[in-house]
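Please open the model in your viewer and keep the sequence panel beside it. The tour below goes from one selection to the next and says what is there at each stop.

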Amino acid sequence: MERYTINDFNKQFPNDDACLEWLKNYLYPDGIFCNSCDKITPHSKLSNLPVYSCNRCGAHTHPMSGTIFERSRTPLKSWFYAMFLMSATRCGVSAKQLQRELGVTYKTAWRMFKEIRTLMQLTSKPMSGKVEVDECYIGGKSHGTRGRGAKGKTPVLGIVQRKGNVSAKTVKDVKGATLLPIVKEHILPESLVYTDELASYNKLRRHGYDHKRVHHASKIWVLGDAHTNTIEGFWSVLKRGINGVYHAVSEKYLQSYINEYAFRYNHRKDEQPMFLTILSRV
Ligand SMILES: [Zn+2]
């Protein structure tokens with residue numbers, strides 16, 4: 001991904017009008033279709049209103065309607081800037097940081113944060129080839145520790161295609177009956193699946209997967225290409241982020257935090273700046 005800096009941002013989006021113009025061009029790449037004239041017509045922006053009006057008949061078009069910006073009193077540039085901030089670092093920012101940077105109330109920052117995160121939800125394609133599957137535990141009082149069934153922690157199942165995308169999901173437990181359907185939903189049959197020695201993965205072969213295990217208990221971390229280092233890498237960024245940026249995440253919001261991390265991971269190699277990827281989902 002090319003580096004999109006704060007200077008690039010300010011140059012491309014100097015004010016609210018520039019943001020609205022971007023939105024208009026994005027939503028109506030061939031021009032605005034006027035329902036009254038029943039065709040694409042030239043439009044002009046009304047001064048002081050986020051509205052475009054048909055040059056022929058005067059009918060109005062609101063580019064923000066139906067987007068997360070609708071009914072928000074926060075300036076469009078602040079929304080764009082918040083998206084820029086949330087995509088600019090690998091670990092993300094907190095609502096508290098948004099509040100400081102944007103000069104809005106905490107309540108507003110939190111709402112924006114939540115809305116923008118909905119744009120960073122996953123669109124998962126089925127995975128194939130070499131895929132790593134692993135569980136980790138997040139939350140609880142003493143953070144950072146890893147272990148099965150740790151008290152107060154939420155188990156998360158992670159699936160990552162090597163050199164590809166990641167998908168991670170909170171689960172109620174790590175039993176085979178819970179994990180297998182998720183594996184089958186995300187990984188195409190005949191893929192090579194790497195897991196650790198957890199018994200829940202015993203039936204993978206029976207379900208049509210090629211299966212290799214990593215024996216963490218016997219301290220053999222990497223045996224040939226039988227490792228789960230890719231998903232471990234994702235866990236470490238996720239845990240560092242949740243412990244460092246967010247301090248504590250309630251179970252209720254954990255999945256959307258995870259999705260935000262997965263989004264950044266999955267778009268790390270995008271041609272266009274990640275910020276514009278998020279924006280193109282409004
Ligand atoms: Zn018209």
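Two residues are said to be in contact when they have heavy atoms within 4.5 Å. With that in mind, select Met 83, which, leaving aside neighbours within four places in sequence, is in contact with Ile 68, Phe 69, Ile 116, Leu 119, Phe 275, Ile 278, Leu 279 and Val 282.

Before going further, note that this is a predicted model, in which local features need pLDDT of at least 70 and side-chain atom pairs count only at pLDDT 80 or more, while totals for chains, interfaces and linings use all residues. Residues are numbered from 1 along each chain as its sequence is written, and side-chain values use heavy atoms, with hydrogens and water left out.

Next, colour by pLDDT, the predictor's confidence in each residue, from 0 to 100. The chain averages 87, and 90% of the residues score at least 70. Residues 142–147, however, have a pLDDT below 50, although this stretch has 14 contacts in the model beyond near neighbours in sequence. Where pLDDT is low, the predicted coordinates should not be read in detail.

Return to Met 83 and add Phe 13, Phe 69, Phe 80, Phe 234, Phe 275 and Leu 279; these seven touch the most other members of the largest nonpolar core, which has 58 residues. Such a core is a set of buried Ala, Val, Leu, Ile, Met, Phe, Trp, Tyr and Cys residues joined through side-chain atoms within 4.5 Å, where buried means under 20% relative accessible area (1.4 Å probe, protein chains only). Helix α3, residues 76–88, gives the most to this core, with nine residues; helices here are DSSP runs of H or I with at least four residues, and strands are E runs of at least two, numbered from the N terminus. Apart from this core lies another, of 18 residues, among them Leu 179, Ile 187, Val 193 and Leu 204.

Now select Val 174, in the loop between β8 and α6 (176–186). Val 174 is buried, with a relative accessible area of 15%, and, not counting residues up to four places away in sequence, it touches Glu 135, Tyr 137, Pro 155, Leu 179, Leu 198 and Ser 200.

Finish on helix α8, where Ser 256 is found. What does Ser 256 contact, leaving aside its neighbours within four places in sequence? Select Arg 117 and Gln 121 to see both partners of Ser 256, which is itself buried, with a relative accessible area of 17%.

How values were computed. Buried < 20%, exposed > 50% of the residue type's maximum accessible area, 1.4 Å probe, protein only.
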